[in-house]
Amino acid sequence: MQKVIEFKHVSYKYPFEEDYAIKDIDLSFYEEEVVAIIGSNGAGKTTLIKHMNGLLKPTTGDVFVEGINTKKATVAELSKKVGIVFQNSDYQLFAQTVYDEIAFALRNFGYNEAEIKERVKKMMDYFSISQYEKSSPILLSGGEKKRVTLASVLVYDPKVLILDEPTIGLDFNQKKNLKHFISRLKEERKTIVIVTHDLDFVSDISTRIIVMNRGQVMAQGDPKDILYEEDLLKEANLMPPSIVKLAKGLGLNDRILSFEEMLQKIDNLLLRNV
Amino acid sequence: MFRPEYFYFRKKDTIIHRLDPRSKLVYVIAMFVWALIRGDLLFLSAVFLLTLIPISLGKLFKNLLISLRAALFFIVLIILINYVFSHNLSLAIALALRFMILISSFLIFSITTSPDDLALALYRMGFPYDFVLTFNLSVRFIPTVMRDATNIIDAQRARGLETQKGFINRIKNYVPVLIPLIVVGIKRAINVAESMEARCFGASKKPTTLYELKFAVKDYVFIAFSFIPTIFYFLL
């Protein structure tokens with residue numbers, strides 16, 4: 001797999017703060033990966049992702065996006081490759097219509113109107129928001145706003161998509177749709193980075209989990225190895241996902257993270273006891 | 001680049017931060033009077049040097065330098081205009097010093113006084129509670145609005161918005177920042193109002209306060225300090 005983003009000994013300190021928000025981070029992100037970055041509040045997750053498109057430049061160390069040092073590129077140049085969907089949709093919605101909101105980035109990047117129209121229509125169909133084409137994005141519901149913000153970033157087809165706390169404010173069905181959508185993006189060979197507290201959401205879709213605590217990477221690896229390490233999660237102030245609690249409650253030795261696998265296992269247990 | 005965090009209250013444990021806001025208010029008014037009462041270089045230099053003592057005690061040298069740098073354009077302008085019209089360099093510098101005294105003394109008040117303490121001081125000075133609360137909320141929300149603005153700028157820059165290219169472009173490009181900022185601000189204001197009403201705001205015309213302000217020896221010393229320029233006034 002090809003390396004897309006690389007952090008080399010990256011530390012960052014906000015102006016006026018005594019401590020570093022992130023310290024000596026060495027990380028790589030590859031094509032076709034779904035990486036979940038987990039950690040409690042103040043662990044440095046958002047600071048880390050803001051380095052991926054140059055919104056923050058490292059105090060020490062370097063970040064490379066497809067080999068380009070972020071210190072030597074503008075945010076606009078890097079954003080073509082790395083799209084970030086921020087947690088609060090209200091922070092980005094401003095246009096008069098949903099169409100204009102989705103077209104905003106394309107206009108900034110200098111696409112012609114014919115191509116903009118084609119891409120925006122495609123995105124509106126993809127996210128089932130065509131009926132709101134002429135509505136104000138500010139007046140939509142929380143889930144609809146989230147879809148508009150996702151569409152407004154995906155419309156320029158970035159290679160890496162970063163989702164900052166994507167499940168906040170979403171109901172069960174919306175979360176299910178988001179999961180489905182992430183799987184589709186993975187099939188399109190994109191790199192998806194999800195920053196979250198919601199371990200239930202990322203337990204079965206991520207291919208790698210990075211645990212952050214106090215600005216440092218505590219651990220990273222296969223979700224099955226990370227999410228079954230109760231002590232590790234406790235140290236990072238995180239609760240194991242429900243499926244892990246269930247597996248441990250049932251006394252299973254297997255490290256199961258998928259719902260279907262768990263159903264199969266319970267079926268087998270019940271059959272054995274009949 | 002403009003960094004708002006250099007201009008609003010930040011908690012620190014220094015003697016200046018611990019002073020009663022009323023004594024700092026007296027200091028600011030006194031320094032304003034001293035800055036305006038005489039216009040000669042020697043007197044104003046002495047007053048300016050005097051304001052550096054509380055700046056040093058409050059560990060605010062960095063803030064002062066940044067504020068002076070931000071005001072550098074006006075300082076140079078004051079010197080130039082006054083020199084051109086009066087051909088008196090010492091007068092031109094003295095008038096710039098007057099401006100610097102105002103900055104230096106007001107900095108002590110704005111950066112070391114928490115909005116809560118200031119509101120309490122105003123309340124105790126007899127201002128109506130509604131007025132004090134409105135004032136306090138508007139001051140307290142400055143950092144929050146700044147943080148919102150930073151997040152919004154980040155979100156829009158991540159979609160290719162250039163905020164640093166040319167003056168006209170910069171103004172035009174602030175529309176995608178201002179609209180979300182206003183929307184988020186109104187939403188927050190509604191939430192705060194509802195949450196205050198849910199906690200019986202307005203039930204009593206004269207609510208009690210959690211803390212009481214008390215004048216201590218250090219406050220009297222600081223007020224006395226504010227009048228040191230009286231000596232300069234007669235000696236220099």
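**View 1. Salt bridges between chain B and chain A.** Three salt bridges are counted between chain B and chain A in this predicted model. One to zoom in on pairs the side chains of Lys50(A) and Asp154(B), with 2.8 Å from N to O. On the side of chain B that touches chain A, the elements giving two or more residues are helix H8 (129–157) and helix H10 (175–198) of chain B. H8(B) chips in the largest share of that side, seven residues.

**View 2. The wider interface of chain A and chain B.** Pull back a little and you'll find 23 residues of chain B in contact with 25 residues of chain A. People often give the size of an interface as the accessible area lost when the parts come together. Here, chain B and chain A bury about 2,200 Å² between them, and 61% of that is on carbon and sulfur atoms. There's polar business too: 10 residue pairs are in polar contact across the interface of chain B and chain A, both residues being at pLDDT 80 or more. Sorted by class, the side of chain B that touches chain A has 10 nonpolar, nine charged and four polar residues.

**View 3. Ser23(B), tucked into chain B.** Ser23(B) sits in helix H2 of chain B, which covers residues 21–37. Is Ser23(B) buried or exposed? Ser23(B) counts as buried because its relative accessibility is 0%, and the cut-off for buried is under 20%. What does the side chain of Ser23(B) make a polar contact with? The partner is the side chain of Asp219(B), at 2.9 Å. Setting aside neighbours within four places in sequence, Ser23(B) is in contact with Phe215(B), Asp219(B), Phe222(B) and Ile223(B). So Asp219(B) turns up twice in this view, as a contact of Ser23(B) and as its polar partner, with Ser23(B) buried at 0% relative accessibility.

**View 4. The open sheet of chain A.** Over in chain A, four strands line up as S2-S1-S4-S5 in an open sheet with antiparallel pairing. Strand S2 (22–30) and strand S5 (68–69) of chain A are the edge strands, each with a single partner strand, so each has one side left without a neighbour in the sheet.

**View 5. Strands S1 and S4 of chain A, close up.** Strand S1 (residues 3–12) and strand S4 (residues 60–65) of chain A run antiparallel and are joined by five bridges. If you want a pair to look for, try Glu6(A): its bridge partner in S4(A) is Phe64(A).

Key. Residues numbered from 1 in each chain as written. Chains lettered and ligands numbered in written order. Predicted model: local features only at pLDDT ≥ 70, side-chain atom pairs only at ≥ 80, totals over all residues. Heavy atoms only, no water. Contact = heavy atoms within 4.5 Å. Buried area = accessible area lost by both parts, 1.4 Å probe. Salt bridge = Lys/Arg side-chain N within 4 Å of Asp/Glu carboxyl O. Polar contact = N/O pair within 3.5 Å; in protein donor to acceptor, adjacent residues only side chain to side chain. Nonpolar A, V, L, I, M, F, W, Y, C, P; charged D, E, K, R; others polar. Buried < 20%, exposed > 50% of the residue type's maximum accessible area, 1.4 Å probe, protein only. Pairing = 2+ DSSP bridges.
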